[in-house]
Amino acid sequence: MHNPKLKVIVADLSESRIDAWRSDALPIYEPGLQDIVTDIRHDENETPSKESRQSNLHFTTNVKDAINESDIIFICVNTPTKMKGSGAGSAPNMRYLESAVLAIAENATSDKIIVEKSTVPVRTADSIRTLLDANARPGLKFDILSNPEFLAEGTAVRDLLYPDRVLIGSESSPSGATAALTLENLYAAWVPRERIIHTSLWSSELAKLASNALLAQRISSINSLSAICEATGANVQEIAHIAGLDQRIGAKMLKSSVGFGGSCFHKDVLNLCYLAESLHLPEVAEYWHGILKINSWQRERFARRIIHKLNNTLTGKTIAVLGFAYKKDTGDTRESPAISVVQTLLSEGAYVNIYDPQVTPAKIYEEVAMPAYHDHIRISANVYEAATGAHALAILTEWDEFCSGDAPTEKRHSVDSGFASNVATPATKSPASSRSVSPSSQKSSEDGKARMDWAEVATLMKRPMYVFDGRNVVDPAKLQGMGFSVESIGQAL
Ligand code: UGA
């Protein structure tokens, strides 16, 4: 992918963010990312000896110069859900995108290809065209392409290097086709051309929302079935496995959980609902709203199950929350199911010991946003500290270290990028890893990940010992054999 002739400029208004990108402490945790932005030089013994930024990768806050120097501009700004005004709570907030387009219009002195990388509503390219026509220098040519991002956090590098597909939407004109080919040639440096798909701008814009909505729908579907399993004695993992063997259904995105989180699914399904409502399609909007309704209900159901099992009173009891990120291998907490579960536990009077290997204490307090309960939250440095004196453990993120070893969990693929020779793992990068965990208290599993020692945890907890597994990462039979009472999603034990 490294092409010395190609200059890549990452421009952002935030000085602190650009400083972080320039430093060795990148602003986000993502396995393999450090290697993408770093050129590992080897000495004559082929051992990595010196790290430096890739010579063609630049970070700057000088947006004006970055625009002028570039032939292709990717707009990668946030499009969060609007919090006030018309469409508040469901429409995307387009102000960052508008200001990026205005910056291009005001500063461009040559023709540009503008690529929508951000997730945007359908027909955003129309609004971009209108803004450019009204504000750019006359005589300049702008081609607008849609090139949605399909990577998932935690596997972003792998998804970038080995994408299922790259989608390019363009205007149906000779100039649009040429611009689309220019972008295709960029990707063709590492993506097989048959995986690069060309469509109209509108299909491309809608395909991104549709893909995320369909993925979210699968999770809500399996989660709705998990409730039936708990009531009937069926096992949701068996149901997902059996259904997934049908090739028309497929096995992926059918892991029942405490609910989906992240910055995308919730926001994109809301956007789809908003779009349907604006198009006077209330039945369609209602259908997709149902996906979000099941997701909130699944979180509430999980929290209620903890309360119910602990004799309907949490006052003065301690719950150890293992994992706060919305999924493993990321420090991202946006829309994490842990937020509402912790809020419910606190409002029931519980003390909550929270451990996550990648989420900072400040972020946890900010997300929980219940200052009156701060003295009921204790941030733990590791699993054992969190478990000490706890009446129950609640697993809310599927970090590998929480697995009991034999539980069925998705096999991790290594990030074999050609650059990724020192992929950081939670164990090596974790803020907790520097804290006092005795090596004897951790076990190494087949995949080399440190696993928590459940036998040691059993010596630290109050009796009876409850485990509420919101990610189905522990083997209930094994833990029951060690004296734990296990409550898994979609299983009545
Ligand atoms: C999602 C999509 O998977 C990406 O294709 C898309 O590019 C991205 O949104 C985006 O729009 O930027 P992401 O949110 O990073 O990616 O992560 P996912 O792996 O999709 O997981 C989302 C949530 O669903 C997590 O909370 C995860 O724990 C949960 N999940 C996932 C389940 O509960 N069950 C599953 O089977 C899979």
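The following legends describe close-up views of a predicted model.

**View 1. The largest nonpolar core of the model contains 30 residues.** Within this core, Phe302, Ile319, Phe324 and Leu345 touch the most other members. At least two residues each are supplied by α11 (282-309), β10 (318-322), α12 (337-347), β11 (351-355), α13 (361-368), β13 (392-395) and β16 (465-469). Helix α12 gives the largest share, six residues. A second core, separate from this one, has 26 residues, including Tyr355, Ala390, Val467 and Val486. In soluble globular proteins, nonpolar side chains tend to be buried together.

**View 2. Isoleucine 319 is shown with the residues that it touches.** Residues up to four places away in sequence are not counted here. The contacts of Ile319 include Ile306, Leu310 and Leu314, together with Leu345. Further contacts of Ile319 are made with Ala350, Tyr351, Val352 and Asn353, and with Ala392 and Ala394.

**View 3. Helix α12 is shown with its buried residues and their cover.** The buried residues of this helix are Pro337, Ala338, Ile339, Val341, Val342, Leu345 and Leu346. Among the elements that cover them are the helices α11 and α13 and the strands β10, β11 and β12 (377-379). After α12 comes glycine 349, which has a positive phi, near 95°.

**View 4. The ligand is surrounded by a shell of 20 residues.** Those that come nearest are Lys208, Asn212, Ser257, Tyr326 and Arg471. By type, the shell comprises 11 nonpolar, three polar and six charged residues. Helix α8 (residues 201-232) contributes the most to the shell, namely four residues.

**View 5. Oxygen atoms of the ligand lie beside polar atoms of glutamate 153, glycine 261 and tyrosine 326.** For glutamate 153, a polar backbone atom is 2.8 Å from a ligand oxygen. For glycine 261, a polar backbone atom is 2.9 Å from a ligand oxygen. Tyrosine 326 instead uses a polar side-chain atom, at 2.7 Å from an oxygen atom of the ligand. On its own, the ligand has 700 Å² of accessible area, and the protein covers 89% of this.

**View 6. Serine 204 is shown in helix α8.** Is this residue buried or exposed? Serine 204 counts as buried because its relative accessibility is 0%, and buried means under 20%. Leaving aside residues up to four places away in sequence, serine 204 touches Ser146, Asn147, Pro148, Leu167, Ile168, Gly169 and Thr199.

Note on methods
Residues are numbered from 1 along each chain as its sequence is written. This is a predicted model: local features need pLDDT of at least 70, side-chain atom pairs count only at pLDDT 80 or more; totals for chains, interfaces and linings use all residues. Side-chain values use heavy atoms; hydrogens and water are left out. A nonpolar core is a set of buried Ala, Val, Leu, Ile, Met, Phe, Trp, Tyr and Cys residues joined through side-chain atoms within 4.5 Å. Buried means under 20% relative accessible area, exposed over 50%, partly exposed in between (1.4 Å probe, protein chains only). Contact means heavy atoms within 4.5 Å. A residue is near a molecule or strand if one of its heavy atoms lies within 4 Å of it. A polar contact is a pair of N or O atoms within 3.5 Å; within protein, one must be able to donate a hydrogen and the other to accept it, and residues adjacent in sequence count only if both atoms are side-chain atoms. Accessible areas come from the Shrake-Rupley method with a 1.4 Å probe; for residues, only the protein chains shown count as cover. Ala, Val, Leu, Ile, Met, Phe, Trp, Tyr, Cys and Pro count as nonpolar, Asp, Glu, Lys and Arg as charged, and the others, Gly among them, as polar.
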